Amino acid sequence: MHHAINRHRSQNAHVFWTSPFVARSESYSRKGRLSKASLLAISNGRSDLAPSDLPSTPKADLDLSGSEPSHLLKIHEPSDSASSHNDVVNDTARSLKDLLPQVRFFSGDDIRFESIAESVQRCTPGQLVVYRIGLDCPVEFIATALARGAAGILTEQVLPVPLVQCIVGDTDRALAEIASRELIDENGTRPDQRLLTIGVVGESGKTSTALCLATVLKDSPCRVAYETDLGHSDGIGSETIDQPVPRGAELLRRIHEAADAGAAIAVLELEDNALRSGGYDQIGLDMLVITGRNRPRTDFGPSAIDCAIERVLPDGILIVNVSDATAMSAATASGLTIFSYGVDTPADVSLKTAHHQDGVLTAMIRHEMNSAMMESTIGFGCFTAPLAAAAAVGVATENPLVQIAESLSRLRSIPGRIERITCEDWQTAQTQPQVYLDACGSPARGAFVLEHLREQLRNHVEGATGVVEPMLFSMEDVVQSQRTRGGQIWCVLAPSIEDTSETLMLYGRLLETLPDHCILTCHPSEKAGFLAMSHAVLDGVEDCAAMRLVADQERAIGWAMQAARPQDTIIVLGGLDRSTPLRQRADIRRVEELIAGVRSRSSQNAPSPGEPAAPPKLKLFHPDA
C-alpha cells in the first residue's frame, strides 16, 4: 500500500496535510481510497465541503455556506486556557433565532443578547442565562435573572418568569451548536475543519493511545494538540487544569485555540457517556482509533463505538484492532475505509513481540515489506495494542517506520498507567516488593493489568530457572490464580462508589480469580460509602473470608507492603480522583508519596543483619472496654 501526503507551510498552521491517505485492508474485503478533494479541503479550511458531506446533527443542521462572515460571540465559560478571541464582545446584539433556527420560544419570538453568562449570579444586563435542571434552584434562578436584567433564558423546560425563554432538548448541545456557528472563521470553516481531527474511543487504553499518537505525530514534524484526562495541549504548551475533559462548546473553543496556535492535528479522547449523550455532535472526525477489547452491549441504546463512528466524515478512516470482533463488525457495517492493526497477528500494521521481560518490551513493527525494531517500557511493557494503534496512524500519515519506532521508544512512561513506583535506595529496593500503580477505571482494565503482571512473573521465573513449568488449571467452578515459584501478586483495589452494582460485582469476581492476595479499600473522600460498596463487591465473591477490607487507603497499602515478600508484586488499582486532570495528577503524587513513606518507615524499623527480631506482642481485645 502506498500513501502520498504532501505538506506545505501556512500562516494559520505549522503544517497542513494536503493529499489523501490511502487506506487498504488486506484482511478484509473492504478496500478503497479516500477522496482527494475531501482531504484537500481539510488543509484548505474545507470551504468547499457541502453540508451533506458532514455527519448528521440530530438537533439542527449547520449553516456552512460561508456567504457572510460570522461575528465572534463571547461565551463566558470557566476556562483557564481561553484565548483572547473569546474576550471580544460584539456591540450589536445577536439573534438566538438565527443561531438556533429549529428551537421553540416561549413568551416571545426571539432573544437578542450580547453574550452568554457564565452563571446567573454573574449575569450582566443583555446577557443570556442558562438554566440547568437539577443544578439550579428555579426560585433563586428566576429572581436573580430578573434582578440582573437577563435578556432571556436558555432552558429545557418552561419556567414561570416574564422573560423570553428558548426551549431546547439539551442545553449543553445547544451551547455547542451556538459555539460552532460563532467560531466559524471568515472562510466559513468550523474549528474542527481547520485541522486533522483524530478521535480515540474504546473500553480501555484511550489515554495511552492518545499520548502515543501525539508522540508519533509530533515528529512528523507538526504541531499536535491533544485532549486527554491527564492534561491537554494546544500544540505549543501542555497544561493540567482543574476542569473535566471538555466536550461540547468548551471542546470547540479549545480546538479553535489550537488552530489559531498553528496546530495541524488534534487528538481527542472521547468519553463513552458523552458520546451517547451527543457531547461531540458538532465535531466531525477525519480519523477514529478504536482501542481495547470492546464487549457487546448488554443494555439498550447505542454503543459508544457506534456513536463515535457516526461522527466520522464520509471520507474518513477507521483504525481498528483486527482482534476486536465487536469493533471490526461495527466498522465493516459503517461502510467507511478500514485500516487494521494487530499484535502478533496479520494486519495492515502489526506489532510482533520479540522479547518481553522485566518490564521491557522489544518488538518489531511491520507494514507490507517494511519493518523496524523498537523498545518500550510504558505500562511495564504491556501496552502493545496502543503502540500498534499509534504505529498504524503513523503509517496512515506517511511517516517512515523507522521514525515511528524511534518516537515510540522515547516515550518511557505514562503517569498512573501501570506505573512502577521506584525506590532511589538500591538496598531498600532489594528487600521490599515491587509496587505498581494503575488508574484502572473498569473491571476489564483491571483484568488486563493483572493478567499481564501474572504473565511477567511467569516469564521471570522461566528466565531464571530455564525451565518452563506446565500450566495446571483447577476443575472447580472458581478458577484459582496460578501461583509461580517466584513472587505472588497483591492487589489493593479501590473502586469508586459511583460504580454500578453490576460493575462492583465484577470487581469482586476479578479480585477472587486473578491475584493471590486482595485488599479492598477506597479513596479517602469516599469512606462514608465504603460499607455499601464493599457489600456490592462481595456479591461477586464466593469465599468472602479470603478478602481483606480496609477503608483507609494508606493503611491498606501499608499492610500489603509489610505482609508481602521481597519477590512479590503489589499493584494498586484505582483510588484516584479522575474528575479532572489536575486532581488525578495530584492523587498520583499522593499515592507515590504514601508508598515512599511506607518504604522509609519499613527500612528504618528493619532489624540489622545478625540482630534478632523483636518478639511479637499479643493484645486481648475486649468489646466492652
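Here are some friendly notes on this predicted model, point by point.

1. Let's begin with confidence. The average pLDDT of the protein is 79, and 76% of the residues score at least 70. Two stretches deserve a cautious eye. Over residues 1-91 the pLDDT is below 50, although this stretch has 224 contacts in the model beyond near neighbours in sequence. Residues 464-485 also stay under 50, and here the model has 31 contacts beyond four places in sequence.

2. Next, the overall make-up. The protein has 625 residues, of which 53% are buried. Its secondary structure comes to 17 helices and 27 strands. If you take the contacts between residues at least 6 apart in sequence, 67% of them join residues at least 24 apart. The exposed surface is about 28400 Å², and carbon and sulfur atoms supply 50% of that area.

3. The sheet to look for when you turn the model is an open one of eleven strands with mixed pairing. Its order reads E14-E13-E12-E15-E11-E16-E17-E18-E19-E20-E21. The edges are strand E14 (238-239) and E21, each of which pairs on one side only.

4. Strand E15 (265-269) is a good place to zoom in. How many residues of E15 are buried? Five of the five are, so E15 is largely enclosed by the rest of the structure. Both of its faces are covered: Ile-265, Val-267 and Glu-269 are buried on one side, and Ala-266 and Leu-268 are buried on the other. Do note that Glu-269 is among these buried residues.

5. Now for the partners of E15 in the sheet. Strand E11 (residues 196-202) runs parallel to E15 and is joined to it by five bridges. E12 also runs parallel to E15, with four bridges between them. Ala-266 is a handy landmark here: Thr-197 stands opposite Ala-266, and Ala-225 stands opposite Ala-266 as well.

6. Further along the sheet, strand E17 (residues 312-321) and strand E18 (residues 337-343) run parallel and are joined by five bridges. Within this pair, Val-320 stands opposite Ser-340 in E18.

7. Helices lie on this sheet too. Helix H11 (residues 401-410) packs on it and touches E20 and E21, with its direction making about 5° with that of E21. Helix H6 (residues 248-260) lies across strand E12 (224-228), strand E13 (231-233) and strand E15, and runs at about 160° to E12.

8. Glu-368 sits in the loop between strand E20 (360-367) and strand E21 (370-376). Is Glu-368 buried, exposed or partly exposed? With a relative accessibility of 36%, Glu-368 counts as partly exposed, because the value falls between the 20% and 50% cut-offs. Glu-368 and Val-349 are 19 residues apart in sequence, and their C-alpha atoms are 7.8 Å apart in space.

9. One last residue to visit is Ser-115, in strand E7 (residues 115-116). Why does Ser-115 count as buried? Its relative accessibility is 3%, and the cut-off for buried is under 20%. The side chain of Ser-115 makes a polar contact of 2.8 Å with the side chain of Gln-127.

Terms used. Residues numbered from 1 in each chain as written. Predicted model: local features only at pLDDT ≥ 70, side-chain atom pairs only at ≥ 80, totals over all residues. Heavy atoms only, no water. Helix = DSSP H or I, 4+ residues; strand = E, 2+ residues; numbered from the N terminus. Buried < 20%, exposed > 50% of the residue type's maximum accessible area, 1.4 Å probe, protein only. Pairing = 2+ DSSP bridges. Contact = heavy atoms within 4.5 Å. Axes fitted to C-alpha atoms, helices over the stretch in contact; angles between N-to-C directions. Areas by Shrake-Rupley, 256 points an atom, 1.4 Å probe, with all protein chains shown as cover. pLDDT = per-residue confidence, 0-100. Polar contact = N/O pair within 3.5 Å; in protein donor to acceptor, adjacent residues only side chain to side chain.
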